[in-house]
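Here's a quick tour of a protein model for someone meeting it for the first time. Have a look at the sequence and the structure, then read on.

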Amino acid sequence: SCPRILFWIFPRDFRLKLGGPSYRYFTVSGKNDYLQRSLVPTMHYQKSLPRRLPIPKLEDTMRRFLAAQRPLLSDVQFRRAEEIAQDFQNGVGRELHKELVTRDKLNNHTSYTSGPWLDMYLKNRKSLLDVNVFVPLHQDPKTEYNQQLLRATNLTCSALRFMKTLRAGLLEPVFYSEPSKSNQHLFERVIRWVPPSLSWYGAHMVNAYPLDMSQFHRISNSTRIPRRGRDELVTHEEGRHIVVMRKGNMYVFDVVDRDGNLLKPAEIQAHLKYILDDLTPAPAFPIGVLSTENRDVWAHLRDKLVHCGNADNLRTMESAVFCLCLDDAVPENQENLRLMGNSCNRWLDKSFNFCISTSGEFSAFSEHSWGDGLIGSLALGGIHKDSTERPQVHPASAAAAVDSAAAVRLLKFNLDSELKEGIKKAKDNISLAESQPGVEFMEFRKGGKETLKKYKISSDSMVQLAIQMGFLRLYGQTVPTSESCSTAGFKHGRYEVMMPVSMYTKECAHAFVCQRDQHTTQQLKAMLHQCSDHHRQLIREASSGQGFFCHLYCLYDLSTSKDQELHSLFTDCGILNGFTLSTSTVPAPSLKTSVFAPDVPEGFGVFYTFHDNTIFFSLSSFLPRSRQELSQSIFKSLEDIFTVLEENPLE
C-alpha cells in the first residue's frame with residue numbers, strides 16, 4: 001500500500017509527518033524532543049524474529065531436569081527422582097507435551113510461554129512489595145544538579161523524550177551483540193533498506209542478533225489492575241498526563257498536548273515547584289498504600305473505591321504516563337532501601353514509579369508482569385543517561401511564569417468506613433514488612449569483568465560459583481538456585497529460569513571450602529575452567545529455548561487447567577516450590593544495583609552487576625545477620641577464586 005512505499009522511499013522525518021509507521025499522536029518537532037534518531041526503525045526486526053520459542057523434546061527436558069536435581073539429592077533421593085521422571089515422561093507428561101505442541105501450532109503469532117508466564121505474575125496474590133523490583137541509580141555526576149526539583153524535572157523530561165522516541169520509531173533497536181564498531185554505521189545504512197520480513201536474517205549474517213522489543217510499549221501508560229484471582233494488565237496510550245505523589249497526595253498535570261508536543265521543560269519545572277511548595281497536609285488515609293496490599297484484598301478495596309464514586313480518579317491514575325514520587329528524605333535505615341522511604345507515597349501498580357528524594361537520589365520501582373529486568377534496565381539506563389548528559393534545566397534555570405494552579409489538579413477521593421479501615425490495615429502491614437525483609441550491599445574491588453576476561457573464563461560462572469561456595473561455607477549445603485536468562489532473541493520471549501548448580505559447581509565448591517589442602521592450585525584452576533565451560537553451555541541452551549524450567553512450568557500450567565490430580569513430578573520434586581537462592585544480573589552501567597525479595601521465606605535474593613574491575617552485590621533476606629554473613633562469605637569465596645586464577649596457593 002501507499003504508506004509502505006513511503007516507508008522505504010522517503011526520509012524518516014517526512015515519513016512521520018505523513019503519519020507512517022509511527023505511534024498515534026506524536027509529531028516531529030524540535031530536536032530536544034528525542035533521545036536519539038536511529039537510522040534503523042525501532043521495530044525493524046520485529047516481524048522477522050524467529051517466530052516462536054521452540055518447545056524442547058520431552059526427553060531432553062527430563063534429562064536436563066535430572067541433571068539439575070543430581071547435586072541437590074542423595075543417591076536414594078535421586079533414584080526416586082529418576083523413577084518419577086521416567087513415569088512422567090512415559091505417561092501423563094507425554095500427553096501434556098502433545099497437547100502443548102498442538103496449542104503452540106494454533107498460536108503461531110507468539111511463543112508458547114507467553115500466556116502461562118503472564119499468568120504466573122498476574123495470578124500471584126503476594127503484595128507487590130515482594131514482587132516488584134527496586135532499582136537505585138547513580139546520582140548525577142554534576143553535584144549541583146542533585147537538587148530534588150532540578151533532578152525531578154530533568155528525569156521527567158528524559159522519560160517523556162524516551163517515550164516519544166520509542167513511539168516515533170526513532171529508538172535504536174536492541175541487540176544481543178552488534179556488528180563491530182568499524183562496520184556499525186555502514187551496517188545501519190544498509191540494513192534499514194532490507195524489508196522487515198528479512199531484516200533479522202540480514203543482521204544475523206554479520207553476527208548481530210536483534211532482540212524482541214514487544215515489551216517496550218508497556219513501559220509508559222501501563223498499570224496492573226488488581227482483580228480477584230488474576231490481575232489485569234492495561235495500557236492507555238491516549239494518556240497525556242503524569243501523576244506526581246507528594247506526602248501521599250496525588251497531583252496530575254498534562255505533559256503532552258493534543259498535537260503530540262511535549263510540555264516545555266521550564267513549564268514542567270514550574271508545575272513540580274508548585275507541587276513541592278503546596279501546603280496541603282498529608283492525607284490521614286493515603287490511597288497509594290492500598291497498592292502494597294495482598295492482591296485479592298486490594299481488588300476488593302478497589303471495587304469499593306469505584307462504588308464510592310472514584311472511578312474517574314482511578315482511571316486517571318491508571319492511564320498516566322508514569323508515577324513520579326517526590327519524597328521528603330532518604331531513609332535513615334539503609335537496610336530497608338527496598339522500600340525507599342514512605343510507602344504511602346507510591347502507586348506500585350504502575351509500570352514505573354520514579355522516586356526522587358530531597359538530596360536528588362533517584363530510584364525506581366518496576367512492576368514485573370509487563371516486562372523483564374533487561375527491558376527495564378535498558379529503559380532506566382537510557383533515561384538516566386539522557387538526564388545527566390543532556391539536562392533540559394540547569395541550576396540557574398528559572399521556572400516558567402505559568403498558571404500552575406490551573407494546570408495542576410489534586411485528586412480527591414471519597415472514602416467510606418470500610419476503605420478507611422482497609423487503608424489503616426495496609427499501613428499496619430507496611431510497618432511489619434519494614435521490620436523484616438532488608439538488603440545488604442557489598443562491593444568486591446579486587447577484580448571484575450575485565451580481570452576475568454583476561455583469564456578467558458566466564459565472569460558470570462565465577463560469581464555463581466562464589467555464591468554457591470559462600471552458602472556452602474555458611475550452611476554446609478548445596479541448595480536450589482535460580483538464575484534468569486533472557487530468551488528475548490525469540491518473538492515475545494521473556495526469560496528461562498536457569499539452574500546454575502551442577503555436579504561441577506558442587507565438586508568445585510567442596511574442593512575450595514571443605515578440601516582446601518587436598519588439591520593443588522593447578523587442579524583448582526582446572527575445576528574453575530570446567531565450571532565455566534559447563535555454565536556457558538547452560539546459558540547457550542537456556543537462551544536458545546532449550547532450558548527445561550519453562551517447558552515444565554507450561555506443562556504444569558496445562559495440567560492445572562484439567563480436572564485431574566497433579567503428577568508427583570510437580571508435587572514431590574520441588575521444581576515449583578521456590579529457590580533458596582534466587583539470582584539475577586543485567587548489564588546496566590547506570591544502575592547502582594537492583595533489589596528483589598527472596599523467593600522463599602528462608603532464602604536470599606542476590607543481584608550482582610559487573611564493572612571492569614569491581615563486582616557489586618545486593619543481598620536481600622528476612623534475617624539481617626544471615627545476609628551480612630552470606631555477603632562476607634561470598635566476598636571470601638571471590639578472593640579464593642581470584643587467588644587461584646592468579647596461580648597463587650590458598651592460605
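Ser291 touches Leu128, Trp298, Arg346, Trp347, Leu348 and Asp349, leaving aside residues up to four places away in sequence; a contact here means heavy atoms within 4.5 Å. This is a predicted model, where local features need pLDDT of at least 70 and side-chain atom pairs count only at pLDDT 80 or more, while totals for chains, interfaces and linings use all residues. Residues are numbered from 1 along each chain as its sequence is written, and side-chain values use heavy atoms, with hydrogens and water left out.

Where does Ser291 sit? It's found in the loop between helix H10 (265–277) and H11; helices (H or I, at least four residues) and strands (E, at least two) are DSSP runs, numbered from the N terminus. Ser291 is buried, with a relative accessible area of 0%, and buried means under 20% relative accessible area (1.4 Å probe, protein chains only).

The side chain of Ser291 has a couple of polar contacts, listed below with one at the start of H11. A polar contact is a pair of N or O atoms within 3.5 Å; within protein, one must be able to donate a hydrogen and the other to accept it, and residues adjacent in sequence count only if both atoms are side-chain atoms.

| Side chain | Backbone partner | Distance |
|---|---|---|
| Ser291 | oxygen of Gly288 | 2.8 Å |
| Ser291 | nitrogen of Leu348 | 3.0 Å |
| Asn294 (oxygen) | nitrogen of Asp296 | 2.9 Å |

That Asn294 contact caps the N-terminal end of H11. Helix H11 covers residues 295–307, and its 13 residues should span 18 Å at 1.5 Å a residue, which agrees with its end C-alpha atoms being 18 Å apart; the expected span is 1.5 Å times one less than the number of residues. Among the buried residues of H11 are Trp298, Leu301 and Leu305. After the helix comes Gly309, with a positive phi near 95°.

Now for the sheet. 7 strands make up an open, mixed sheet in the order S1-S8-S7-S6-S4-S5-S9, with S1 (133–136) and S9 (409–410) as the edge strands, each pairing on one side only. Two strands pair if DSSP finds at least two bridges between them. S7 (residues 352–356) and S8 (residues 362–366) are antiparallel over 5 bridges, and Asn353 stands opposite Phe365 in S8.

Terms used. Buried means under 20% relative accessible area, exposed over 50%, partly exposed in between (1.4 Å probe, protein chains only).
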